[in-house]
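The following exercises introduce a protein structure to a reader who has not met it before. Each task is followed by a solution in steps.

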Amino acid sequence: MLKNNLKILFGILVFLVFVSSASALSSVSRVLPASVNTNASFNVTLNVSVEPQDTFYLIDEIVPNGFTVMDAGTGDTSQAGHIKWAVLSGARSAVLRYILRAPSNSGEYSFNGTYIFETGNLTDVGGDNSLSVNQSGQGGGNQTNQSVGNWTPPIGIPRPSFGIE
């Protein structure tokens with residue numbers, strides 16, 4: 001009786017491991033700053049999570065109208081308004097980055113992109129898909145072109161005084 005129960009328990013355990021590993025999906029998720037100022041440069045990050053069953057992937061990020069690609073990282077910009085990545089073998093999880101310059105017009109802007117892995121369907125890039133562009137001087141986060149004189153320390157850290165303020 002005990003042997004039969006152990007066999008059944010072992011069979012259920014094997015089944016659960018098989019089902020959980022088969023349901024793991026590769027994915028791509030975008031990270032944007034909360035906001036930026038007009039004409040400011042900023043980073044966009046794509047977190048690529050690759051499961052063992054996938055050996056290749058394709059990603060197509062669509063750059064919103066008015067934004068300028070300053071640095072595509074390892075992406076391809078041969079098609080206007082797009083940054084593309086193609087890993088055709090040996091795909092591994094990665095962090096992809098590119099730098100954009102915000103437009104001169106403030107407003108809310110949508111980011112769009114798609115990806116496909118070996119074992120999946122064409123899927124929208126997850127994560128952040130909206131960015132607020134503020135008129136210069138109204139705040140904005142994560143810009144890469146802020147001057148040291150305008151530097152604001154993170155919350156809880158006092159601004160250094162060099163005896164000249």
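Accessible areas are obtained by the Shrake-Rupley method with a 1.4 Å probe. The structure examined here is a predicted model.

**Exercise 1. State the accessible surface of the protein chain and the share of carbon and sulfur atoms in it.**

Solution. The accessible surface of the protein chain amounts to about 10500 Å². Of this surface, 57% belongs to carbon and sulfur atoms. A residue counts as buried under 20% relative accessible area; by that criterion, 29% of the 165 residues of the protein chain are buried.

**Exercise 2. Describe the secondary structure of the protein chain and the order of its elements.**

Solution. The count gives one helix and twelve strands. Read from the N terminus, the order is α-β-β-β-β-β-β-β-β-β-β-β-β. Contacts may then be considered: among those between residues at least 6 apart in sequence, 72% join residues at least 24 apart.

**Exercise 3. Determine how the open sheet that contains β2, β12 and β8 is arranged.**

Solution. The three strands follow the order β2-β12-β8, with mixed pairing. At the edges stand β2 (35–37) and β8 (107–110), each of which pairs on one side only. Neighbouring strands of this sheet are turned against each other by 30 degrees on average, direction ignored. Next, the pairing of β2 with β12 (residues 130–134) can be examined: these strands run parallel and are joined by three bridges. Within this pairing, Ser-35 has Ser-132 of β12 as its bridge partner.

**Exercise 4. Identify the residues whose side chains meet in a salt bridge, and locate them in the chain.**

Solution. Side chains of opposite charge can pair when their charged atoms come close. A search of the whole structure yields one salt bridge. In it, the side chains of Arg-30 and Glu-61 meet, at 2.7 Å from N to O. Arg-30 belongs to strand β1 (residues 27–31) and Glu-61 to strand β4 (residues 57–62); the pair, 31 residues apart, links distant parts of the chain. Arg-30 and Glu-61 are both buried.

**Exercise 5. Explain why Gly-75 counts as buried, and describe its surroundings.**

Solution. Gly-75 is found in the loop between β5 (68–71) and β6 (82–87). Gly-75 counts as buried because its relative accessibility is 17%, and the cut-off for buried is under 20%. Leaving aside neighbours within four places in sequence, Gly-75 is in contact with Ile-83, Lys-84 and Trp-85. From Gly-75 to Trp-85, the C-alpha to C-alpha distance is 5.1 Å, although the two are ten residues apart in sequence.

Notes. Residues numbered from 1 in each chain as written. Predicted model: local features only at pLDDT ≥ 70, side-chain atom pairs only at ≥ 80, totals over all residues. Heavy atoms only, no water. Pairing = 2+ DSSP bridges. Helix = DSSP H or I, 4+ residues; strand = E, 2+ residues; numbered from the N terminus. Axes fitted to C-alpha atoms, helices over the stretch in contact; angles between N-to-C directions. Buried < 20%, exposed > 50% of the residue type's maximum accessible area, 1.4 Å probe, protein only. Contact = heavy atoms within 4.5 Å. Salt bridge = Lys/Arg side-chain N within 4 Å of Asp/Glu carboxyl O.
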